[in-house]
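Please open the structure in your viewer and keep the sequence beside it, so that each stop of this tour can be selected in turn.

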Amino acid sequence: MTNHPKSGLMIFASVIWIIMSLPSCDYVSIWPTIAFTNNASGINQVSATLNGYAIVDNSTKIGFEYGTTTDYGNSIYLVSISKNADNYTYASGRVNSLSPNTTYHFRTKLESGDGIIYGNDLTFNTLDFRVVFNPNLNYGSVNDIDGNTYKTIQIATQTWMAENLRTTKYTDGTPIIFDETGSEWFVTKSGAYCWLNHEEDNFKNIYGAYYNWYAVNSYKLCPAGWHVPGDEEWKLLASGLGGNINLGIKIKETGGNHWLNSSSNITNETGFTALPGGYCSFNGVFGPASNNSHWMGGEAYWWTSSVAYPGGAYYRAIYSNSNAVLMGSWRIEMGLPVRCLKDN
């Protein structure tokens, strides 16, 4: 169902205009209790903000009904309502614990001693957790020592993983130090990893692990026959695709499952499928801040294997508001995702 984003407000304004056009009346005293539903906002995989407009008196409770059918089955009431001088209000309420990739119906609900009044029914679709790979390409696969399977993709003369690495062991079977809370991230001088926002169940299979550069520099992080690409190998990827300026268009995941403000010109024509998981700072804090609890992001990062300066290494980054793939350098205590490149 497609709804004009301002349709509820336009109807609401029309009612207000009609009532205020009546001659010589006390407008507030004759206004009926009226409910309108407006489009949902802030939608992610598991939550959304429901919006509506209403004309109410002081004894009216305002809320929403919502569910996967027009039987709804769930209700919320707003604890605090702010009315303007004309006695009408804008109402919104956040609902959580929704199912990903699901259509929900909702409507405004007003309840008072005189009964219940409902607004119009609208729908919204929650986002999907799943990563969107390019369906027009043929992906290969590779396994790591943990038994994780990754999609791989041939891009010009190179073969890349199309997913971020998520191994917890080096290729010789040695466990990598796990920093569960971020409290040890800065002080350790050994290879270490963590999960985005310290939530393995939610993010491991999407964004992979975040490794400090000590782990990268072990040369034992990627599966046998693969390695963490150096700065020159990232440059080769860019040069084969027309340079860094528009490389982001060709390697970002399409759609709006993970990227904030994803542009319609994103193609992921390479199949690389870059995701915006951000970084783990040397003090264990993740950034940039997510737009919601399931990390709709605007920045993607990967370590390279190349030294930038004593105590620092080069990385590659993409931002949601840019088509370029940028190079930078950070302290080796930072935690970044890793993409592996197949040996020649």
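What follows is a walk through a predicted model, with a selection to make at each stop.

**Stop 1: a sheet of three strands**

Begin by selecting residues 34-41, which make up strand E1, together with residues 88-95, which make up strand E5. These two are the edge strands of their sheet, each of them pairing on one side only. Add residues 48-55, which form strand E2, and the open sheet of three strands can be followed in the order E1-E2-E5, with antiparallel pairing. If you look along the sheet, neighbouring strands are turned by 20° against each other on average, when direction is ignored. Now keep E2 and E5 on the screen, since these two strands pair in the antiparallel sense over eight bridges. One place to see the pairing is Ile-55, which stands opposite Tyr-88 in E5.

**Stop 2: a hairpin**

Next, select residues 103-112, which are strand E6, and residues 115-118, which are strand E7. The two strands form a hairpin, with two residues between them, and they pair in the antiparallel sense over four bridges. To pick out one of the pairs, show Lys-109, whose bridge partner in E7 is Tyr-118.

**Stop 3: from the hairpin to another strand**

Stay with strand E6 and show the side chain of Arg-107, then add Glu-65 from strand E3, residues 61-67. Glu-65 and Arg-107 form a salt bridge in which the closest N and O atoms are 3.0 Å apart. The pair links distant parts of the chain, as its two residues are 42 residues apart. Are these two residues buried or exposed? Both Glu-65 and Arg-107 are buried.

**Stop 4: the disulfide**

Now select Cys-222 and Cys-340, which form a disulfide with their sulfur atoms 2.1 Å apart. A search of the whole structure finds one disulfide. As general background, a disulfide is a covalent bond between the sulfur atoms of two cysteines. Why is the disulfide of Cys-222 and Cys-340 described as left-handed? The torsion about its S-S bond is about -85°, and the disulfide is therefore left-handed. To see what the bond joins, colour the loop between helix H4 (213-216) and strand E15 (226-227), where Cys-222 lies, and the loop between strand E20 (325-331) and strand E21 (341-342), where Cys-340 lies. Because the two cysteines sit in these two loops, the pair ties together parts that are 118 residues apart in sequence. Both Cys-222 and Cys-340 are buried.

**Stop 5: two cysteines without a bond**

For comparison, select Cys-194 and Cys-280. The sulfur of Cys-194 is 4.0 Å from the closest cysteine sulfur, that of Cys-280, and this distance is too far for a bond, because a disulfide requires the sulfur atoms to be within 2.5 Å. Cys-280, likewise, is in no disulfide. Cys-194 counts as buried at 1% relative accessibility, and Cys-280 counts as buried at 0%.

**Stop 6: a nonpolar patch on the surface**

Switch to a surface view and select Phe-186, Val-187 and Phe-282, which make a nonpolar surface patch of about 260 Å². Phe-186 lies in the loop between strand E12 (177-178) and strand E13 (192-195). With 38% relative accessibility, Phe-186 counts as partly exposed.

**Stop 7: further salt bridges**

Return to the side chains for the last stop, where the subject is once more pairs of charged groups. In general, side chains of opposite charge can pair when their charged atoms come close. How many salt bridges are counted? The count comes to 12 salt bridges.

Select helix H3, residues 200-207, where Lys-204 and Glu-200 are four residues apart and therefore separated by about one helical turn. Their side chains meet in a salt bridge of 4.0 Å, taken from N to O. Lys-204 counts as buried at 18% relative accessibility, whereas Glu-200 is partly exposed, with a relative accessible area of 37%.

Move on to Arg-331 and Glu-333, which form a salt bridge whose closest N and O atoms are 3.4 Å apart. Arg-331 counts as partly exposed at 33% relative accessibility, while Glu-333 counts as buried at 7%.

Finally, select Asp-231, Glu-232, Lys-235 and Arg-316 together, as these residues are linked in a network of salt bridges.

Methods. Residues are numbered from 1 along each chain as its sequence is written. This is a predicted model: local features need pLDDT of at least 70, side-chain atom pairs count only at pLDDT 80 or more; totals for chains, interfaces and linings use all residues. Side-chain values use heavy atoms; hydrogens and water are left out. Two strands pair if DSSP finds at least two bridges between them. Axes are lines fitted to C-alpha atoms, for helices over the stretch in contact, and angles run from 0 to 180 degrees between N-to-C directions. Buried means under 20% relative accessible area, exposed over 50%, partly exposed in between (1.4 Å probe, protein chains only). Patches are made of residues with over 30% relative accessible area and no salt bridge: like charges are joined within 9 Å, nonpolar side chains (Val, Leu, Ile, Met, Phe, Trp, Tyr) within 5 Å. Accessible areas come from the Shrake-Rupley method with a 1.4 Å probe; for residues, only the protein chains shown count as cover.
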